[in-house]
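Student: Please take me through one part of this structure closely. I would like the charged contacts, and then whatever surrounds them.

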Amino acid sequence: MLYLGIDQHARQITISLRNDGGDVVLARQVSTRPEKIHAFFEKLTRERLGDGESFIAVLEVCGFNDWLIQMLNDYRCHRVIMIQPEERKKRKTDRRDAASLSELPWVNRNRFLAGKPIRGLRQVDHASTVDRENRRLTSLRKEASQARTRIVNKIKHMLRRHNLQWDMPTKTFPTRRAVLWLKELILPDIDRLEMNYLLADLQRSEQRVQKLERTIVERCGEDGNAQLLCSMPGVSYFTATSLACRIGRVERFPRARSLANYWGLTPGCRNSGENNQRLGRITKAGSNMARWLLAQVAHQALRKDARLREWYKRIRRRRGSTVARVAVMRKLATVIWHMLSKRQTYAECRAIAIAG
């Protein structure tokens, strides 16, 4: 078994290869041009790997790991391990990084091969192709909605600048009547030009949101986890798909609090010596979007779930509304874990909890 550490960049990768004895047998930089990197790995598998032999690769997670992971699997890689980057060092070079990465699987080779976790090593689960696509799709949907909101706010600001907001034919905006009224509204030349641009951008933005929504609905119907999450109060197809793809395989979370910890909803702690239970704010690790969505789901769940609302009020009296809402978000993360683990809807999980 060989152990390969890879320090990946956009234009080149730096590799460090160790044998079973822990000695570095190859250290070099390779261009990421397809013809050069394929030639390197073909030579590596031909000259360094015997019949039936494979290697373990370790690389730090970044935004463009997908193509390299796929290529490593094509070249007889036994396992690809992704880890979180360490804190910035005083002496940092690509060769040092690659050497330290290749040393990790060699030192812990027995636990790696047995599939056991390693304390202190922050491994990253490589999401499936469908989950990666859904993450990009839901991120596009969120960005499109935010862009539409910015355009609407600019239009409202222009109306307030001329004190024309009182003449709008509808209380809400955007509506079809309000858009027609804005197209016929008499404004100064420059403002009229800006308003035309804003209305055109608003139309394109709404078309983009509608198209993304249709795609999300189609993909949600093919995802069993997303269908289960749709049974929660106030959860749309967008929210269900966003949360489901950011969970992935629920089996990798042994307990309900593991999912809450994964989303950064558990308090940080700093215990040492005689000082115990020094708990602080929530860690806010993991997906920002998951916490943003859970905050919205918590608002709807408090309106529709009387038992959860009473629990929220008890915490609010003792700790305040902010802490109480975060507690509701963590409670919902726990409910989500039970729903996906037991393959039950929200109502079924709540009925079991009440009966218990």
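Tutor: R219 and E133 join their side chains in a salt bridge, with N to O at 2.8 Å. This is a predicted model. R219 belongs to helix α7 (residues 189-221) and E133 to helix α5, so the pair ties together parts that are 86 residues apart in sequence. How accessible are the two partners? R219 is partly exposed, at 23% relative accessibility. E133 is partly exposed as well, with a relative accessible area of 32%.

A second bridge links these helices. D191 pairs with R161, and their closest N and O atoms are 3.2 Å apart. D191 sits in helix α7 and R161 in helix α5, so this contact ties together parts 30 residues apart in sequence. Here the burial differs between partners. D191 is buried, because its relative accessible area is 12% and the limit for burial is under 20%. R161 is partly exposed, at 43%.

Now a bridge inside one helix. R204 and D201 meet side chain to side chain, at 2.3 Å from N to O. Both residues lie in helix α7, 3 residues apart, about one turn of the helix. R204 has 44% relative accessibility and counts as partly exposed. D201, at 30%, is partly exposed too.

Some bridges share partners. In this way D125, R249 and R252 are joined into one network. The count for the structure comes to 9 salt bridges.

R252 has another contact to look at. Its charged end sits over the ring of Y262, 5.0 Å from the ring centre. R141 makes an arrangement of this kind with F238. It lies over the face of that ring, 5.1 Å from the centre.

Back to helix α5, for an acid without a partner. D131 is found in this helix, which spans residues 129-161. D131 is buried yet has no salt bridge. Which side chain of opposite charge is nearest to D131? R135 is, and it is 5.6 Å away. A salt bridge needs a nitrogen within 4 Å of a carboxyl oxygen, so that distance does not qualify. What does D131 touch, beyond residues up to four places away in sequence? C245 and G248.

Next, the cysteines. How many disulfides does the structure hold? The number is 0. Take C220. Its sulfur is 3.9 Å from the closest cysteine sulfur, in C230, and that is too far for a bond. The cut-off is 2.5 Å between sulfur atoms. C220 is buried, with a relative accessible area of 0%. C269 is exposed, at 56%.

Now the aromatic rings. There are 3 aromatic pairs by count. In one of them, the rings of F40 and F41 have their centres 5.1 Å apart and their planes at 75°. Why is this pair called edge-to-face? Planes over 60 degrees apart count as edge-to-face, and 75° meets that condition. F40 is buried, at 7% relative accessibility. F41 is buried at 0%. Y75 joins F40 and F41 in one aromatic cluster.

Last, a loop residue. Where is N19 placed? N19 lies in the loop between β2 (12-18) and β3 (24-31). Its relative accessible area is 22%, so N19 counts as partly exposed. N19 and W106 are 87 residues apart along the chain, and their C-alpha atoms are separated by 8.2 Å. W106 is also among the contacts of N19, once neighbours within four places in sequence are set aside. The others are M1, L2, Y3 and V25.

To return to the starting point, two bridges connect helix α7 with helix α5: R219 with E133, and D191 with R161. R204 with D201 stays within helix α7. D131, in helix α5, is buried and has no salt bridge.

Terms used:
Residues numbered from 1 in each chain as written. Predicted model: local features only at pLDDT ≥ 70, side-chain atom pairs only at ≥ 80, totals over all residues. Heavy atoms only, no water. Phe/Tyr/Trp six-rings, centres within 6.5 Å; stacked < 30°, edge-to-face > 60°. Buried < 20%, exposed > 50% of the residue type's maximum accessible area, 1.4 Å probe, protein only. Lys NZ or Arg CZ within 6 Å of the ring centre and 35° of its normal. Helix = DSSP H or I, 4+ residues; strand = E, 2+ residues; numbered from the N terminus. Lys, Arg positive; Asp, Glu negative; His and termini not counted. Contact = heavy atoms within 4.5 Å.
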